Amino acid sequence: MIRRAATWTLVVVGTTLVLSACSSPSMLDPKGTEARSVARIWWLMFGLAAGVYLVVGGFILVAVMRGRRTSDGRSSRISDHAFVWLGGIVVPIVILFVLGVVTVNTTAALRRPDADPLRIQVEGKRWWWAVSYTGTGITSAGEIHLPTGRPIEITLTSDNVIHSFWVPQLAGKLDVIPGQRNVLRFKITHPGDYRGECAEFCGIQHANMNFRVVAESPGLYERWVSQHRNAPIEPASDVAASGEHVFQSQSCAGCHAVRGTQAHGTLGPDLTDIGARPLLGGGVMTNTPANLARWINDAPKYKPGVLMPAIHLSTSQTKSIVAYLESLK
Ligand SMILES: [Cu+2]
């Protein structure tokens with residue numbers, strides 16, 4: 001019976017570890033200075049909890065196998081009283097004290113402002129993230145470009161409900177609260193493409209509020225900024241040019257913005273570089289022409305509750321508007 005329970009425990013724990021390692025980003029694989037200190041606390045807690053588990057489990061095993069053996073006349077070396085005081089009060093106090101000191105010190109270090117950080121504004125929307133790069137005029141959605149090796153300061157706000165901004169490999173979670181400006185500080189040590197998500201239940205599409213952080217060397221980041229400061233170039237093909245006309249004349253421009261054009265809407269995501277984004281709708285689908293056409297024609301079908309209504313366009317209008325949007329990079 002005990003052997004079967006142990007086997008099942010091993011199977012469940014092993015499967016969980018394997019699945020968690022391959023499917024989603026792990027805070028135990030940190031790629032930033034702050035993420036590393038958060039992971040360090042996790043390992044400390046895990047080590048202490050595992051130690052307690054093993055000791056308590058060992059006592060239970062000994063008790064089950066040997067019993068109290070009071071009949072042979074031998075008395076225990078430690079009295080029950082001392083055992084309860086030591087195991088139930090002294091040891092827990094020491095463990096909680098160590099964890100408390102380490103946690104408070106780490107939290108204070110995480111909140112300490114750096115000199116000359118790169119400032120980004122991120123706003124939690126229903127259900128996507130609006131991004132603006134302070135001092136550059138660049139705005140975007142669902143994707144944040146950042147340089148490695150430089151202190152980053154992200155100011156988080158919300159105009160609707162409480163969200164939580166979390167990029168597990170780069171920093172801890174921070175709540176995004178209406179009427180409050182919370183600041184997340186971190187530094188990225190490795191270039192890469194990191195997945196972020198909302199970590200606070202915020203409504204029906206909470207799970208489809210993903211975003212990505214593209215971390216590049218400072219040189220590549222500066223190049224990206226200088227390329228994206230300018231409005232996108234005029235549509236190269238006729239079909240894309242007529243797509244721009246459809247975009248401006250239909251309801252699209254009322255809710256979305258494309259820098260350098262008449263579209264200044266702020267209700268939906270900024271689409272200035274939508275052609276370069278890998279995902280649509282906060283991660284509900286990959287960004288391909290076919291998916292973009294599906295999304296435009298009936299977004300609520302793929303993301304129930306989304307504020308964007310179904311837009312009824314003709315086949316040629318859809319084709320041209322998709323060509324236009326995919327050209328925006
Ligand atoms: Cu959210």
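1. A good place to start is a single pairing: Phe165 has Leu174 in strand 7 as its bridge partner. Please keep in mind throughout that this is a predicted model.

2. That pair belongs to the link between strand 6 (residues 163-166) and strand 7, which run antiparallel and are joined by 3 bridges. Both strands take part in an open sheet of 5 strands, and the order across the sheet is 4-10-9-6-7. The pairing in this sheet is mixed.

3. What stands at the edges of the sheet? Strand 4 (143-147) and strand 7 (174-176) do. Each has a single partner strand, so one side of each is left without a neighbour in the sheet. On average, and ignoring direction, neighbouring strands here are turned by 25° against each other.

4. While you have the sheet in view, look at helix 4 (residues 218-229) too. Helix 4 lies across strand 4 and strand 10 (211-216). Relative to strand 4, helix 4 runs at about 130°.

5. Now to the C-terminal helices. Two packed helices are described by the angle between their axes and the distance between the axes. For helix 7 (residues 289-302) and helix 8 (residues 315-327), the angle is about 115° and the axes are 10 Å apart. Their crossing is right-handed.

6. Which residues meet where these two helices pack? Helix 7 brings Pro289, Leu292, Ala293, Ile296 and Asn297, and helix 8 brings Thr318, Ile321, Val322, Leu325 and Glu326. Sorted by class, this contact has 7 nonpolar, 2 polar and 1 charged residues.

7. Helix 8 deserves a point of its own. Its buried residues are Thr318, Ser320, Ile321, Val322, Ala323, Tyr324, Leu325 and Ser327. Helix 7 is part of what covers them, and so is helix 5 (238-249), as the cover includes both.

8. I also looked at the length of helix 8. At 1.5 Å a residue, its 13 residues should span 18 Å, and because the end C-alpha atoms are 18 Å apart, the model agrees with that expectation.

9. Finally, the overall picture. The protein contains 8 helices and 12 strands. Of its 329 residues, 27% count as buried. Among contacts with a separation of 6 or more, 64% are accounted for by residues 24 or more positions apart.

Key:
Residues numbered from 1 in each chain as written. Predicted model: local features only at pLDDT ≥ 70, side-chain atom pairs only at ≥ 80, totals over all residues. Helix = DSSP H or I, 4+ residues; strand = E, 2+ residues; numbered from the N terminus. Buried ≥ 20, exposed ≤ 12 C-beta atoms within 10 Å, placed from the backbone. Contact = placed C-beta atoms within 7 Å. Axes fitted to C-alpha atoms, helices over the stretch in contact; angles between N-to-C directions. Left-handed = near helix turned anticlockwise from the far one by under 90°. Nonpolar A, V, L, I, M, F, W, Y, C, P; charged D, E, K, R; others polar. Pairing = 2+ DSSP bridges. Expected span 1.5 Å × (residues − 1).
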